[in-house]
Amino acid sequence: MDIIFGIILPIFGTLGIGYAAARFGAFDEAANRGLSVFVFNFAMPLMLFRSIAQTELPDSMPWGYLFSYFGGTFAVFGAGMLVGRHLFGRSLDEQGVLGLGGSFSNTAMLGIPLVITAYGPDAALPLFALIACHSLILLPPTTLLIEAARGEGQSVATLLWTLFKGVAATPIIWGLSAGLVFAMAGIPLPGPVESIARGIGAAAAPCALFALGASLTRYRLSGNLREPLALVGLKTLLHPLLVWLLARFVFHVPDLWVVVAVTLAALPAGVTPYLFAQRYQACLSTAASTVFLSTLWSVLTLSVLLFVLRG
């Protein structure tokens, strides 16, 4: 019961309040944009900076953690492509959008507050390890697949450099990296810095959830729901199952890292697949419906998962 009242209700309750506020006009798009900028440029980087800086680093990086997560992720990506091809007759570029929709987790807006709330500050390090390379590993092959299918070739080097610059310019990455420097050097945070980071960082989780709830009003259920429902199943059920199997039985990942990996894999679809669908005008209604439906469905699946992982 403490999981329901201590984690699930506060997280999804805050998300629901944000959705209701935006849905009924009490929180408009400009306000949500400003709140999102505050969260991702200031509050969340400072929260992660403080968490990482005060974390005791392991003697060696559990590389099996990354292999487990991304091994399961690319398997689900492939499954999404096969579903698109054989069940819905999608072309190769559309299959790429569907594969991303079934495998790309909402690690920032939902993953960070959920993981930190559920597992405490010790979970910041495995969270950092995945967030730092999540987009860098998943987006280049997706882009190359879609571009190749459309005959709009772009060199791998150019694509990687563009993506690297985008990731390097992300404030969350800077916060994580600065925290890692402090942790590796064993330097305690100066009192004023710790106080500022703690104060502003405390606003990160509730504000991110509120902003996510408000942003869900942009998405509408439309078209045939069979396709998005298939992606929701891949994302919230198959993805965490595969990651758990790999982490537990193949790579023997430490317990805390296992539960973080599985929780991140069980998250609903992030906004990035929808942005890809917009960019390439492919499977747009499916991508929008997948974001909305997977977020609603994850209230149940994440509740059950947390009962199991924290039991």
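Being four residues apart in helix H13, phenylalanine 276 and tyrosine 280 are separated by about one helical turn. Helices here are DSSP runs of H or I with at least four residues, numbered from the N terminus. Phenylalanine 276 is buried at 8% relative accessibility, and tyrosine 280 is buried too, at 5%. For the record, buried means under 20% relative accessible area, exposed means over 50%, and partly exposed is in between, with a 1.4 Å probe and protein chains only.

A quick word on the ground rules. This is a predicted model, so local features need pLDDT of at least 70 and side-chain atom pairs count only at pLDDT 80 or more, while totals for chains, interfaces and linings use all residues. Residues are numbered from 1 along each chain as its sequence is written, and side-chain values use heavy atoms, with hydrogens and water left out.

**Aromatic pairs**

A search of the whole structure turns up eight aromatic pairs. The rule: rings of Phe, Tyr and Trp (its six-membered ring) pair if their centres lie within 6.5 Å, and planes under 30 degrees apart count as stacked, over 60 as edge-to-face and the rest as tilted. One of the pairs is phenylalanine 27 with phenylalanine 210, which is edge-to-face because the planes sit at 85 degrees, with ring centres 4.9 Å apart. Phenylalanine 27 lies in the loop between helix H1 (2-23) and H2, and phenylalanine 210 lies in helix H10, so this pair ties together parts that are 183 residues apart in sequence. Phenylalanine 27 counts as buried, at 18% relative accessibility. Back in H13, the rings of phenylalanine 276 and tyrosine 280 have centres 6.1 Å apart and planes at 45 degrees, so that pair is tilted.

Phe27 also shows up next to asparagine 32, a residue of helix H2. Leaving aside residues up to four places away in sequence, asparagine 32 touches Phe27, Ala211, Ala214, Ser215 and Arg218, where a contact means heavy atoms within 4.5 Å. Asparagine 32 is buried, with 3% relative accessibility.

**Salt bridges**

Side chains of opposite charge can pair when their charged atoms come close. Five salt bridges come out of the search of the whole structure, each being a side-chain nitrogen of Lys or Arg within 4 Å of a carboxyl oxygen of Asp or Glu. Here are three pairs with their closest N to O distances.

| Pair | N to O distance |
|---|---|
| glutamate 94 and arginine 90 | 3.3 Å |
| glutamate 227 and arginine 90 | 2.7 Å |
| arginine 248 and aspartate 255 | 3.0 Å |

Glutamate 227 lies in helix H11 and arginine 90 in the loop between H3 and helix H4 (92-101), so their bridge ties together parts that are 137 residues apart in sequence. Arginine 90 is partly exposed at 22% relative accessibility, while glutamate 227 is buried at 6%. In the third pair, arginine 248 is partly exposed at 30% and aspartate 255 is exposed, with a relative accessible area of 52%. Beyond the table, Arg50, Glu194 and Arg198 are linked in a network of salt bridges.

**Helix H12**

Aspartate 255 brings us to H12 (residues 255-265), a mostly covered helix in which nine of 11 residues are buried. Among them are Trp257, Val262 and Leu264. The buried residues of H12 pack against helices H3 (63-86), H5 (107-119), H6 (124-150), H11 (226-250) and H14 (284-309).

**Pockets**

What volume does the largest pocket have? The value is about 920 Å³. Of its 41 lining residues, the closest to the centre are Phe40, Ala108, Ser135, Val271 and Thr272. H6 gives the largest share of that lining, seven residues. By class, the lining has 24 nonpolar, 14 polar and three charged residues.

The second largest pocket holds about 230 Å³ of space. Its lining includes Thr236, Trp244, Val262 and Leu309, and the elements that give two or more residues to it are H11 and H14. This lining divides into 10 nonpolar, two polar and no charged residues.

On terms: a pocket is an open set of points on a 1 Å grid over the protein atoms alone, where a 1.4 Å probe fits, with protein on both sides within 12 Å along at least five of seven lines, and lining residues have an atom within 4 Å of a point. Grid points are joined across faces, edges and corners, and a volume is the space filled by probe spheres set on the points. Ala, Val, Leu, Ile, Met, Phe, Trp, Tyr, Cys and Pro count as nonpolar, Asp, Glu, Lys and Arg as charged, and the others, Gly among them, as polar.
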